[in-house]
Every structure is written in C-alpha cells, then in structure tokens.
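Let's take a friendly walk through a protein chain. Keep the picture open while you read, and try to find each part as it comes up.

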Amino acid sequence: QLTYATKEAVAQRLQFAELGAPLNVPTVVDEGATVALAGPLRDRVGRGSRYLAARLAMVRQSIQDGQIKPTKVPGEGHRADGFTKPLTGAAFRAFAAANRLLRDQPGPE
C-alpha cells in the first residue's frame, strides 16, 4: 500500500539524514494501481474510507515536500507481482529469473 511505503521511505530518509548523508532526490515508490496514485490527490475521502484521511494527508505532504515520487508501473513490469499474484509457466520463469530465485539460473544482465 502506498501509505505504508511512504512511511517506510520517510523513516529511511530520516535515518540517512541523522547519519549525515541526507538524500537529495525523492524516493521513487512504484505503484501498480492507478487508483492508489489518485488517492492522495483528492481533497476529500468518502465516508467508508475516512480512516484513510490522515494517511493520505501524510502521503500528500511527502509528495509536496519532495520526499517521495509515486510512479505507475504496468502490471507486466511490477516486481511485486510474483509475490502477490499466481504466476504459471513462462510468467513464473521470467519472474524467477529476474529476481534470481532459481538455482543455476543466471539473472538478466
């Protein structure tokens, strides 16, 4: 979820700053769902998702401060798909090779 990724990115950025190595570029957060990218841009949230208002405000502020840069990644290229969706055949082999999950199989160079 974008809100959790934002919290992690901000925490890591604070750690780098405390170590004397602040990050001068936004942390890119890959997101596969277009609707998740649109959430922080909304001024209001629906009644059913009021609990998200504070989280979305944190994401919105992090974007405005230049701490994170959410980007849309197409489904075919999203690295998390192999962990969140069932993959079979060629799709699984491509995912496994890209992430070096199979023995004796070189990754992409």
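What share of the contacts in the chain with a separation of 6 or more comes from residues 24 or more positions apart? The answer is 56%. Keep in mind that you are looking at a predicted model.

**The overall layout**

Start at the beginning of the sequence and follow the chain along: the pattern reads α-β-α-α-β-α-α. That gives 5 helices and 2 strands. Here are some values for the chain.

| Property of the chain | Value |
|---|---|
| Residues that count as buried | 22% of 109 residues |
| Exposed area | about 8100 Å² |
| Part of the exposed area supplied by carbon and sulfur atoms | 55% |

**The core**

Now look inside. In soluble globular proteins, nonpolar side chains tend to be buried together. In this chain, the largest nonpolar core is made of 5 residues, namely L2, A9, V29, V59 and I68. Pick out V29 and see what it touches: leaving out residues up to four places away in sequence, V29 meets L2, A5, I68, K69, P70 and T71. Two of these partners, L2 and I68, belong to the core as well.

**A closer look at helix α3**

Next, find helix α3, which runs over residues 53–64. With its 12 residues, α3 spans 16 Å from the first C-alpha to the last, close to the 16 Å expected at 1.5 Å a residue. Which residues of α3 are buried? They are L56, V59 and S62. These residues cover an arc of only 120° around the axis, so they sit on the same side of α3. Turn the helix around and you get the other view: the face turned away from the buried side carries the exposed residues A54 and Q64.

What do the buried residues of α3 pack against? Their partners are α1 (2–18) and β2 (68–72).

Zoom in on S62 for a moment. Is S62 buried or exposed? S62 counts as buried because its relative accessibility is 4%, and the cut-off for buried is under 20%. Setting aside neighbours within four places in sequence, S62 is in contact with T6, V10, Q67 and I68. I68 is thus a handy landmark: I68 is part of the largest nonpolar core, and V29 touches I68 too.

Finally, step just past the end of α3. There you'll find G66, which takes a positive phi of about 75°.

Methods:
Residues are numbered from 1 along each chain as its sequence is written. This is a predicted model: local features need pLDDT of at least 70, side-chain atom pairs count only at pLDDT 80 or more; totals for chains, interfaces and linings use all residues. Side-chain values use heavy atoms; hydrogens and water are left out. Helices (H or I, at least four residues) and strands (E, at least two) are DSSP runs, numbered from the N terminus. Buried means under 20% relative accessible area, exposed over 50%, partly exposed in between (1.4 Å probe, protein chains only). Contact means heavy atoms within 4.5 Å. Accessible areas come from the Shrake-Rupley method with a 1.4 Å probe; for residues, only the protein chains shown count as cover. A nonpolar core is a set of buried Ala, Val, Leu, Ile, Met, Phe, Trp, Tyr and Cys residues joined through side-chain atoms within 4.5 Å. The expected span of a helix is 1.5 Å times one less than its number of residues. The arc is that of the directions from the helix axis to the C-beta atoms.
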